[in-house]
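Here are my comments on the model you sent, set out point by point so that you can follow each of them in the viewer.

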Amino acid sequence: MEMAMASQIDVFHECFDQVSDPRVAGRTIHPLNSILFLVVAAVIAGADGPDEIESFGGEKLDWLSKFADFEAGIPSHDTITRVLSLIKPAEFQKALLQWHSHLCELAHASSDCDSKNHTGPIHVAIDGKTVRGSYTDAEKSNAIHIVSAWATEHSVTLGQTEVDSKSNEITAIPELLDLIDVRNSIVTLDAMGCQKSIAEKIIEEGGDYVFAVKDNHPKLCAAIADYFEMAHNEGLKDHGVRTITTLGKQAGRDEERFYATCPIPEALRELTDQWKGAKSICQANTCTTRGDKQSSDVRYYISSRPARVREFSNCARKHWGIESMHWVLDVVFHEDSSRLRTKNATSNMSFARRFVTTLLKRDTRKKSLKRKRKIAGWNTDFLEKLLFAA
């Protein structure tokens, strides 16, 4: 057991050796890998920022020293902040993802990690989240906006990039696509990411897409809506529309979800031919009932996938998984309360939280993520299991 643990610790350091140390050689007393190990372990155990990471280190110095070099003691919160602001986010992300891949290889029999148990394309949801506490101006208008890619089957963030505001999300998405591999994937995006250039990039890189269409493409949105309205009136099957309806409960509400999809009709070709690889149009209608109150929401989509209604319904539902992850970041990790905004520090801490979310979800015990963080802070055996065990 101890030999296996030592091997896994070695792999951890091999992954993080790839992160360049930007500090001046000869003027550092804390090894970079030790600081990064401290950050990851502390975030799992409930630390929400550099101050709390330092405090965790002070309380757990003997335990931490089993896995990394802390001969110089625990770095100060200022040192932790400075390191997080200097290291390159892309390298930090790569190291964490490689570490996660290693854990998945160890747990190859687990359905959570074993890609061999998954057939068909992988679903990747791309969406943005504003870190609301990261503003610097009085109007709070320049908070950092982070765009991330979430592999829903594995509950892992594949990559992320940051911009100064939500309005720049369109420019961030192509940068994010350069960081991840979308081959054999279905990429879902909300209306802001519904752009011809992004569709072309996804197709050229070997992926597929399902894009929500709204008023930023008014002619296309109206044409899809008109076609489905006609099909509903004249007969869905007569117009090649495949449908499925699901019933369920969510947070005390009754939900009826209606999904429809069909191959792109000839009448829409003039509009849809501008979208590389487009093969189908889709509709999702959600009717929610709580007591005597009822509400409905209709959304339209364009997709490069064939008209498979069950596949589309899964994609539409799974896209909300990234919204669930955003909720976790705020409620469990208090991300919106973080005032950290120093160069790359916000991005690196944000990705560390996403990575820790994945580790916490790998543990199958029926406890909330918040409770698991507390247990990891109390019980280092459980913390070790999250960090190293298959």
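The points below take up the two pockets, one set of strands and one arginine.

1. Please keep in mind throughout that this is a predicted model, and that every value quoted here was computed from it.

2. The largest pocket has a volume of about 560 Å³, and its lining is made up of 21 residues, with L97, S101, V156, L158 and D181 lying nearest the centre. By class, this lining comprises 11 nonpolar, 7 polar and 3 charged residues.

3. As to where that lining comes from, α6 (89-106), β1 (122-130) and β3 (156-163) each contribute at least two residues to the largest pocket. The largest share belongs to α6, which provides 7 residues.

4. The second largest pocket has a volume of about 220 Å³ and is lined by 14 residues, of which R257, T286, D297, R299 and W320 are nearest its centre. Its lining divides into 5 nonpolar, 4 polar and 5 charged residues.

5. At least two lining residues of the second largest pocket come from each of β7 (253-263), β8 (280-290), β9 (293-303) and α11 (309-331), and β9 gives the most, with 5 residues.

6. The three strands just named also pair with one another in sequence order: β7 and β8 are antiparallel over 10 bridges, with P263 bridged to S280 of β8, while β8 and β9, likewise antiparallel, are joined by 11 bridges. T286, which is among the residues nearest the centre of the second largest pocket, has D297 in β9 as its bridge partner, and D297 is itself listed among those nearest the centre.

7. β8 and β9 form a hairpin with 2 residues between them, and G291 in the turn has a positive phi of about 65 degrees.

8. Is R23, which sits in the loop between α1 (2-16) and α2 (32-44), buried or exposed? R23 counts as buried because its relative accessibility is 17%, which falls under the 20% limit used for that class.

9. The surroundings of R23 can be described further: leaving aside residues up to four places away in sequence, R23 touches T28, H30, P31, L32, I35, V83 and L86. One of these, V83, is 60 residues away from R23 in sequence, yet the two are 8.0 Å apart in space, C-alpha to C-alpha. With H30 there is also a polar approach, in which the side chain of R23 reaches the backbone oxygen of H30 at 2.8 Å.

Definitions and conventions: Residues are numbered from 1 along each chain as its sequence is written. This is a predicted model: local features need pLDDT of at least 70, side-chain atom pairs count only at pLDDT 80 or more; totals for chains, interfaces and linings use all residues. Side-chain values use heavy atoms; hydrogens and water are left out. On a 1 Å grid over the protein atoms alone, a cavity is a set of points where a 1.4 Å probe fits but cannot get out, and a pocket is an open set with protein on both sides within 12 Å along at least five of seven lines; lining residues have an atom within 4 Å of a point. Grid points are joined across faces, edges and corners, and a volume is the space filled by probe spheres set on the points. Helices (H or I, at least four residues) and strands (E, at least two) are DSSP runs, numbered from the N terminus. Ala, Val, Leu, Ile, Met, Phe, Trp, Tyr, Cys and Pro count as nonpolar, Asp, Glu, Lys and Arg as charged, and the others, Gly among them, as polar. Buried means under 20% relative accessible area, exposed over 50%, partly exposed in between (1.4 Å probe, protein chains only). Contact means heavy atoms within 4.5 Å. A polar contact is a pair of N or O atoms within 3.5 Å; within protein, one must be able to donate a hydrogen and the other to accept it, and residues adjacent in sequence count only if both atoms are side-chain atoms. Two strands pair if DSSP finds at least two bridges between them.
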